[in-house]
Amino acid sequence: MKNSYHLLSRRRFLQLAAASSTSLAFGGVGAYPLAAPNGVATNKDWHQGELKHLIPLVNHHQMLIKTSFEKPLDFTPMLRVDDKMIMGKRTDTLGRFWQFFVTDLQADQQYELQLTNTSKETITDSWPLKTFPAPDAEPESLRIFAFTCAGGNEDVAFPDGTHFFQSLAVRQALFKRGLSFNPDVVISNGDHIYWDQRSAFMRPDHKPEFREPWLKAFEEYGYMDRDKPVLGTENESILTGIVDAQIADLYGVTFRSVPVFMLTDDHDMFENDDATEDLITLPPDPHMLDSARTTQSLYYPEFLPDDTRPVKLSGSNNADRLSGLSENFGTLRYGSLFEGLLYDTKRFSTIDGANAQVIPLEAEHWLAQRNASDDVQHLAHIPSTPIGWSAGKWGEWYPDVLQANGKLGKQTPKPYWPEGWWLQHQRILTSIHKQTDRAPVIMSGDLHAFSCGKIRTSGELDFSDNPINTMCVGTVGSSDPVFASWYRKVGPQIPTDMELENLFPPLEKNGFSIIDVTPEKITVNMFAWRQPESVDAIETMEPFFSYDIARPKGNAKA
């Protein structure tokens with residue numbers, strides 16, 4: 001198997017772009033129009049009325065769309081899909097939030113959608129949305145726009161003006177640049193929300209100057225009562241105020257024509273993965289689960305059914321959700337070309353020693369079954385916790401923690417960390433490595449950095465005959481205090497028990513990855529930006545790194 005990669009100089013980027021009007025330059029970025037279809041990259045000329053936000057998801061025959069309005073509606077909104085009318089389903093108690101589930105659609109077909117009232121009077125302009133190819137179809141290409149950690153309230157800041165998170169303007173500029181490459185799908189991998197209700201204040205290493213900005217923010221938005229349900233109590237308005245500022249105000253209607261897979265992680269349960277003498281946040285308690293499930297129900301789509309994913313997976317097919325949906329385990333199936341396996345590594349964590357699990361055993365079995373499948377040309381694991389790097393966090397697969405020498409290591413044990421997490425990590429990597437007819441690939445979230453490498457050994461496991469390609473796709477929302485080197489006093493490092501070839505040193509910058517899939521290969525282009533670079537520079541941002549992952553010779557489609 002051949003992998004190729006390079007850091008792109010500006011001169012080389014311009015040479016390739018100039019030569020690529022009809023061919024795929026460095027994975028195809030230069031071959032696509034630098035504007036999303038139907039003006040999706042800009043909302044200036046699209047009438048949205050009182051619609052506040054809209055996030056869609058599709059598979060090859062269904063659509064699930066989550067919406068909110070500026071104020072509660074006194075009628076039931078309708079969604080026109082070509083000539084079909086779909087009645088909205090209210091998801092809150094007041095009538096601001098509505099979802100639309102559309103079934104019996106044709107594969108690989110673009111539909112015209114429009115929101116109306118019950119009298120079919122239009123609420124918004126129309127917009128296009130296309131279904132994916134059928135699982136047995138043979139599309140020639142797929143383009144993915146991938147990022148992580150888009151959440152955070154832009155106003156949380158230290159007295160000196162240092163903000164914890166990038167402004168909405170910066171994040172939206174990054175979105176616009178990513179959409180300019182006309183992706184077929186978006187993957188937003190975890191941490192859509194940062195609002196740690198206890199861990200922001202209870203960690204012993206959080207000094208008063210760290211807590212003060214959060215105390216101010218909580219006083220502004222209010223404190224949820226942990227003994228009451230979210231919906232139907234005062235908690236509902238507090239939660240929607242918090243989340244409006246981090247999801248609805250950020251995403252708006254920008255992605256109305258691009259399906260968005262939104263995978264959950266620890267902060268989406270309104271806590272960090274922390275373990276101290278006073279607070280252990282995993283497994284999540286009922287209030288954390290209620291907050292996370294309510295946020296998803298209101299703001300972004302659950303994962304649509306897939307014939308190869310068991311309906312009985314934890315967090316799936318729940319009685320208070322539409323039949324067949326999964327809240328934490330998703331499948332991005334794009335014909336027979338690509339399958340992405342998305343899995344939340346926090347929601348179902350257990351901490352009972354060697355028996356501890358990051359994901360439930362039935363989910364681990366699902367991953368292994370898909371690794372052993374032969375019905376798709378490329379398959380990628382998309383976990384919410386990074387595989388291949390550590391920042392010394394408690395909720396990682398790895399025992400590494402910051403040592404007295406300023407580096408990560410195992411000399412001082414990580415408190416409350418269970419060995420079972422590593423044991424499951426080893427089983428999953430063994431299963432991934434067994435793939436020989438396609439390249440083993442992992443695309444992780446959570447880490448506030450770009451990284452890319454090849455896992456050659458992990459503990460006693462030797463993968464040198466078929467190294468596992470792994471990467472972290474870039475963070476949208478992080479500002480200085482959220483990067484590991486600032487917050488944890490150490491940047492991302494290779495875990496002690498792994499041998500990993502870093503293709504470049506982990507880079508703590510904002511940005512995203514554009515991932516092109518063809519029958520022959522997967523090409524990753526990474527785009528990075530960080531102050532003091534100007535926000536205007538985002539509009540013409542170029543990839544700093546390009547990486548080809550070829551299918552094993554003889555298996556790529558001729």
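Student: What is the mean pLDDT of the protein?

Tutor: This is a predicted model, in which local features need pLDDT of at least 70 and side-chain atom pairs count only at pLDDT 80 or more, while totals for chains, interfaces and linings use all residues. Residues are numbered from 1 along each chain as its sequence is written, and side-chain values use heavy atoms, with hydrogens and water left out. The pLDDT is the predictor's confidence in each residue, from 0 to 100. In this protein 91% of the residues reach 70 or more, and the mean is 91.

Student: Over which residues is the pLDDT below 50?

Tutor: Good thing to check! The stretch in question has 62 contacts in the model beyond near neighbours in sequence, a contact being heavy atoms within 4.5 Å. Its pLDDT is below 50, and it covers residues 9-41.

Student: Which strands stand at the edges of the sheet with the order 5-4-8-9?

Tutor: Strands here are DSSP runs (E, at least two residues), as helices are (H or I, at least four), numbered from the N terminus. Two strands pair if DSSP finds at least two bridges between them, and the four strands of this open sheet pair in the antiparallel sense. The edge strands each have a single partner strand, so one side of each is left without a neighbour in the sheet: they are strand 5 (84-87) and strand 9 (127-130).

Student: What is the bridge partner of methionine 78 in strand 5?

Tutor: Strand 4 (residues 78-81) pairs with strand 5 in the antiparallel sense, over four bridges. For methionine 78, the partner in strand 5 is methionine 87.

Student: In the sheet with the order 2-3-7-6, how many bridges join strand 2 to strand 3?

Tutor: This open sheet has four strands with antiparallel pairing. Leucine 54 has threonine 67 of strand 3 as its bridge partner. Strand 2 and strand 3 (residues 63-69) run antiparallel, and the number of bridges joining them is seven.

Student: At about what angle does helix 5 run to strand 2?

Tutor: Axes are lines fitted to C-alpha atoms, for helices over the stretch in contact, and angles run from 0 to 180 degrees between N-to-C directions. Helix 5 lies across strand 2, strand 3 and strand 7 (97-102), and its angle to strand 2 is about 70 degrees.

Student: At roughly what angle do the axes of helix 2 and helix 5 cross?

Tutor: The axes of helix 2 (residues 168-179) and helix 5 (residues 234-251) come within 10 Å. Residues making the contact include Phe175 of helix 2 and Tyr251 of helix 5. The crossing angle is roughly 45 degrees.
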